[in-house]
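Good morning, everyone. Before I begin, please take a moment with the sequence and the model on the screen.

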Amino acid sequence: MALTPGQTEQLLRMIESRRQVLQAELHEGIDRAREDSFGDLAGPAPDAGDESVATLIGDIDHADVSRDMAELRALDAARGRLQDGSYGVCADCGSEIEYARLKAAPAAFRCIGCQRLHEKTYAGPSGPSL
Ligand SMILES: [Zn+2]
């Protein structure tokens, strides 16, 4: 393992503080969802237009929460790998992930090369459908 104990300690602290931010955001999101019940958003006499706005706002909140949850799970997994000693090793090719990349993205589980390949394979416009 190429990471020094000091580097591991620093990454663990970054993971912990990011987890706390996300957990606070998630709690806020849940509180907000409780306060902004559908009726409050749509007003006392909702017409079809108001209803669709309320639905849209609900969808945006849900997307926020889903993204936070996904990041929190990734950070939890990273913390688990730190504890079992498999942290900092690329899940795809098994080579070491650079410390600079881990500092920028502590939950990263792929080296930069494999991550670029993964994004090229799974993101971006899908090719012609014909
Ligand atoms: Zn790799």
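With angles of 105 to 116° among the four donor atoms, the site of the zinc ion is tetrahedral, a term used for four donors if all angles lie between 85 and 135 degrees. The zinc ion is coordinated at 2.3 Å by the SG atoms of C90, C93, C111 and C114, where donors are N, O and S atoms within 2.8 Å of the metal.

I should say early that this is a predicted model, in which local features need pLDDT of at least 70 and side-chain atom pairs count only at pLDDT 80 or more, while totals for chains, interfaces and linings use all residues. Residues are numbered from 1 along each chain as its sequence is written, and side-chain values use heavy atoms, with hydrogens and water left out.

Along the sequence, the zinc donors follow the spacing C-x2-C-x17-C-x2-C. At 10% relative accessibility C111 counts as buried, whereas C93, at 45%, is partly exposed; buried means under 20% relative accessible area, exposed over 50%, and partly exposed in between, with a 1.4 Å probe and protein chains only.

Which salt bridges should we look at? The structure holds seven, each being a side-chain nitrogen of Lys or Arg within 4 Å of a carboxyl oxygen of Asp or Glu. One of them joins D76 and R19, at 2.6 Å from N to O. R19 is buried, with a relative accessible area of 11%, and salt bridges that share partners join E16, R19, D76 and R79 into one network.

Notes
Donors = N, O, S within 2.8 Å, 3.2 Å for Na, K, Ca; no water. Tetrahedral: all angles 85-135°; square planar, octahedral: opposite > 155°, others 65-115°.
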